[in-house]
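Work through the exercises below with the structure in view. Try each task before reading its solution.

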Amino acid sequence: EAENVRSAKGLYQPSVVASGSWGFDRSSNIHYEDDDQSSAAAVEFRWEVFTGGARGAKVRAAESRRAEAAAILNRLRLSVQAEVRKAVIDLSNAQTQIRLHRETVATALENRRVVQVGYLAGKENLNRLNEAQRDFITADADLALARIRLRQRVRLLGRDGRGRPGGGSAR
C-alpha cells in the first residue's frame, strides 16, 4: 500500500511524454522517392495546476488504505500472539493436570492396598474394597484422559494455523 501512496503523491508532479514516428507513404507509383518519407516528433508536457481537490482526495484515500492495511496486519499479529499464548497456557495446564492425576492414582493405589489388607484381615467389608478399586480405576482413567489432552495440546501447538504440521518442534 505504500507504493499506492507514492503513486498518488506522484499526481502532484508534472508528466512528460515524448513520441516519434518515421515512415514512407507512397500513393502514385511503386518507387519510393524523398517526398514519400514522413517523420514526426512530439513532446508533451502536462502539469495539472488545479484539480478541484481530486489529487488530495486520491492521496488521502491511498493513505487511509495503507493505514487500514497496517491496522489489519497488526490485528492479525495480535490474534496470532493471543492464540499462541492460549496454546502455551493450555499446554502448561495439561502438564499440571498430568502431575495431579499421577498423584491421585498413587493415592488411590495406596488406599486400595490399605483397604485390601484390611479386607484380608477381616476388618473391611467387600463393599469398601470395591469402592477403593473403583476409585483407583477412575483415577487411572482420568490420568489416561489427561495424557490424551496433553498430546492434543502439543499437536495443536506444533501446527501452523492451517492444520498442517508446523515449523518442527513438539511431536
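## Layout

From the N terminus on, the elements run α-β-β-α-α. That order holds 3 helices and 2 strands. Helices (H or I, at least four residues) and strands (E, at least two) are DSSP runs, numbered from the N terminus. This is a predicted model: local features need pLDDT of at least 70, side-chain atom pairs count only at pLDDT 80 or more, and totals for chains, interfaces and linings use all residues. Residues are numbered from 1 along each chain as its sequence is written, and side-chain values use heavy atoms, with hydrogens and water left out.

## Exercise 1

Task: check the span of α2 and of α3 against the expected span.

Solution:
- The expected span is 1.5 Å times one less than the number of residues.
- α2 has 67 residues, so 99 Å is expected. Its end C-alpha atoms are 97 Å apart, which agrees.
- α3 (residues 126-157) has 32 residues, so 46 Å is expected. Its end C-alpha atoms lie 47 Å apart, which agrees.

After α2 comes G122, with a positive phi near 85°.

## Exercise 2

Task: find which residues of α3 are buried, and what they pack against.

Solution:
- Buried means under 20% relative accessible area, exposed over 50%, and partly exposed in between (1.4 Å probe, protein chains only).
- L129, A132, F136, A139, L143, A146 and L150 are buried in α3.
- An α-helix has 3.6 residues a turn, so residues three or four places apart point the same way.
- The buried residues of α3 pack against α2 (54-120).
- In the protein, 15% of the 171 residues count as buried.

## Exercise 3

Task: describe how α1 and α2 pack.

Solution:
- Two packed helices are described by the angle between their axes and the distance between the axes.
- Axes are lines fitted to C-alpha atoms, for helices over the stretch in contact, and angles run from 0 to 180 degrees between N-to-C directions.
- Helix α1 (residues 2-9) meets α2 at about 170°, with the axes 8 Å apart.
- That makes α1 roughly antiparallel to α2, a term for angles over 145 degrees.
- A2, N4, V5, A8 and K9 in α1 meet K58, V59, A62, E63 and R66 in α2. Contact means heavy atoms within 4.5 Å.
- By class, this contact has 5 nonpolar, 1 polar and 4 charged residues. Ala, Val, Leu, Ile, Met, Phe, Trp, Tyr, Cys and Pro count as nonpolar, Asp, Glu, Lys and Arg as charged, and the others, Gly among them, as polar.

## Exercise 4

Task: is K9 buried, partly exposed or exposed?

Solution:
- K9 sits in helix α1.
- K9 counts as partly exposed because its relative accessibility is 42%.
- Not counting residues up to four places away in sequence, K9 touches V59 and E63.
- K9 and E63 are 54 residues apart in sequence and 9.9 Å apart in space, C-alpha to C-alpha.

Key: Parallel < 35°, antiparallel > 145°, perpendicular 65-115°, else oblique.
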